Amino acid sequence: MTQAEKEQDNGKEKEKEKDKEKDKEQQRGVKRPIAPPSIPEPQQEQIQSNFVIVINPGSRTLRIGRATDTLPVTVAHVIARRHKQSGQPRHEDSWLLRDGLNKPESKEQRQNGLKMVDQAIWSKKMSNGVRRTPVSAEQARSYNCQIRPAVLDSSSRVKWTNTAHHPPYLVGEEALYVNPSDCYNIHWPVVRGQLNLHSGPGGSLTAVLADLETIWSHVIQKHLEIPLKDLKYYRCILLVPDIYNRQHIKALVNMLLLNMGFSAIIVHQESVCATFGSGLSSACVVDVGDQKTSLCCVEDGVSHRNSRLCLAYGGTDVTRTFFWLLQRAGFPYRECQLSKRLDCQLLQHLKETFCHLDQDISGLQDHEFQTRFPDSPALLYQVRLGDEKLQAPMGLFYPTTFGIVGEKMTSLQYRSQGDSEDPHDEHYLLTTQSKQDQSSKSAAERKARPGGALEGEMSSQGGIGDLSDLPRGCGMIGSGGGELELGPAQGECLMGTAEADEPFSAHLSRKTAIMSQFESKALGLDKAILHSIDCCASDEIKRKMYSSILVVGGGLMFHSAQEFLLHRIINKMPPSFRRLVDNVEVITRPKDMDPRLISWKGGAVLACLDTTQEMWIHQREWQRFGVRMLRERAAFVW
């Protein structure tokens, strides 16, 4: 008998012995540990794009459609819910108004911001080399105060939504035109890119999710003409903000898969989808939305976590500032109020029509606009405007002009707080990795210095200035119960380096204080872009980002915005990069597409890619494994 045959026989005998032991244990009733169920490999199957629905929920607008549609359905992201009891107090979520506007310092801050805007306008020469002559608001005011409206028609032909049949809810345009005297509450379920949770009526997580489910279901049935019972044959791609709340995403996935009944879902970030929609492999994506502006550097379909930045201002803040400037100039429609829904709609329209970022347009100019409201005649107003049309959009570069005081204006990406459903998350991995690193470091130092074991152990616990108690060392700051991850440049410019004799707790509290100070300040759009790019890991990536700055969203759709932003970035970028970067490029309309639709279009492109097969989370998998599926299948670090 050969050696190989002997080894084979021995192996068979051992297996028989193991089987005998198992049988004995079963007879004795010995309990063996139960291995946790492993997540199965993603199913490979042919997906029809016309059975994939792409949902891009914005603060003011919902964009939704089949992946094969040329354009999505666009509706106002608002719902009106009928009161359940008579005499119930009315509640209406505000549109243009927000917290932090009525503080004692607000007026002074607005005035200071406007002075900086005027200085910037004057300092930049026009294309003919001549400096712009400033126009004072008083010049326009003396004319506008004399204006009286002309009656175009005794009836505006605009009607309030008919609620005689007492519908339990109304969605979109119908909700906007609900008569304020009717017994309905008005809710905007998304605010500044996050779920609109507040202490008032309809402000709980359950209520907000119910509003979203009702709005999305209504649009799917009415506009996409898909019965809700057929959603089990459809898949869904949900676009989420770059800086997201994990609990909110988990609740939305739960709602889409279990409540609405989609068969599978992909969750992806808006910035990455924007690069897919514009056909760019890498870009610094600047999403100027209605209420927030988010920035992120994307490279080959991956969002760099350290470069993510969210600014708590957007298009509505420009609209509100424009209204303030119109009032200074004697706005002839004197009944206009920011608390009225239809007035807010009018002001948004005026901003989009009149405002620009072209410094060659100067002097006073005459304009006209109409007002058409229910139960009122159609009126035509004349208005004379000067620099107000340029000053308002420049507030995006000088956010103090918005007059927001005492609010958190800048957000960075926080690490996960952990989830009881997902015990083996990144906290678990980082903790085990940290212990392994510490023990190996300790062993290495013991070998290097015999007899100095105690000293080696002390140094392995994290020396002064080494934040080894936190995941990934000193790139993190504890703030609000979570760890904040910073890029190398952020870490240096915001934090500085720890002093050699500074205690750990003092170092940590100093960093936390600097961090909270940073978050309370509102960066201008150009500075935020430079900051985001500066947080990239290497000069090569930074060079890529400077040569491809992609602006999406509807908040910067002003005439000459591209040239204006390009000029400011070139002037403010570090001199070292000015020499290295061949050309700085700002892209505002890739492929001549509407910048508001680019992220949605990217979601539709995603549905057609073969590589997305492994990203689908199926309904049964979600029911069994829950939030673990997001960590396993999401295309970004969960």
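## Cysteines

Cysteine 536 is buried, with a relative accessible area of 2%. The model is predicted. Cysteine 536 is in no disulfide. The nearest cysteine sulfur belongs to cysteine 297 and is 3.6 Å away. A disulfide needs two cysteine sulfur atoms within 2.5 Å, so a separation of 3.6 Å does not qualify.

A search of the whole structure gives the wider result: zero disulfides. Cysteine 236 is also a buried residue, at a relative accessible area of 0%. The cut-off for buried is under 20%, so the 0% of cysteine 236 falls within it.

## Helices α15 and α16

Helix α15 covers residues 525–534, and helix α16 covers residues 539–546. Their axes come within 9 Å. They cross at roughly 150°.

On the α15 side, the contact uses Leu530, Ile533 and Asp534. On the α16 side, Lys542, Met545 and Tyr546 take part. By class, the residues of this contact are four nonpolar, two charged and no polar.

## Helix α7

Helix α7 spans residues 270–278. Eight of its nine residues are buried, so the helix is largely enclosed by the rest of the structure. Glu270, Ser271, Val272 and Cys273 are buried in α7. Ala274, Thr275, Gly277 and Ser278 are buried there too.

Glycine 279 comes just after α7. Its phi is positive, at about 75°.

## The three-stranded sheet

Three strands make an open sheet in the order β5-β17-β16. The pairing is antiparallel. The edge strands are β5 (150–153) and β16 (365–371), and each pairs on one side only. From one strand to the next, the twist averages 30°.

Strand β17 takes in residues 378–385. Seven bridges join β17 to β16, and these two strands run antiparallel. One bridge pairs glutamine 370 with leucine 380, the partner in β17.

## Helices against the sheet

Helix α3 (residues 137–144) packs on the sheet. It touches β16 and β17. The direction of α3 makes about 150° with that of β17.

Helix α9 (residues 341–354) lies across β16 and β17. The angle of α9 to β16 is about 150°.

Definitions and conventions: Residues are numbered from 1 along each chain as its sequence is written. This is a predicted model: local features need pLDDT of at least 70, side-chain atom pairs count only at pLDDT 80 or more; totals for chains, interfaces and linings use all residues. Side-chain values use heavy atoms; hydrogens and water are left out. Buried means under 20% relative accessible area, exposed over 50%, partly exposed in between (1.4 Å probe, protein chains only). Axes are lines fitted to C-alpha atoms, for helices over the stretch in contact, and angles run from 0 to 180 degrees between N-to-C directions. Helices (H or I, at least four residues) and strands (E, at least two) are DSSP runs, numbered from the N terminus. Contact means heavy atoms within 4.5 Å. Ala, Val, Leu, Ile, Met, Phe, Trp, Tyr, Cys and Pro count as nonpolar, Asp, Glu, Lys and Arg as charged, and the others, Gly among them, as polar. Two strands pair if DSSP finds at least two bridges between them.
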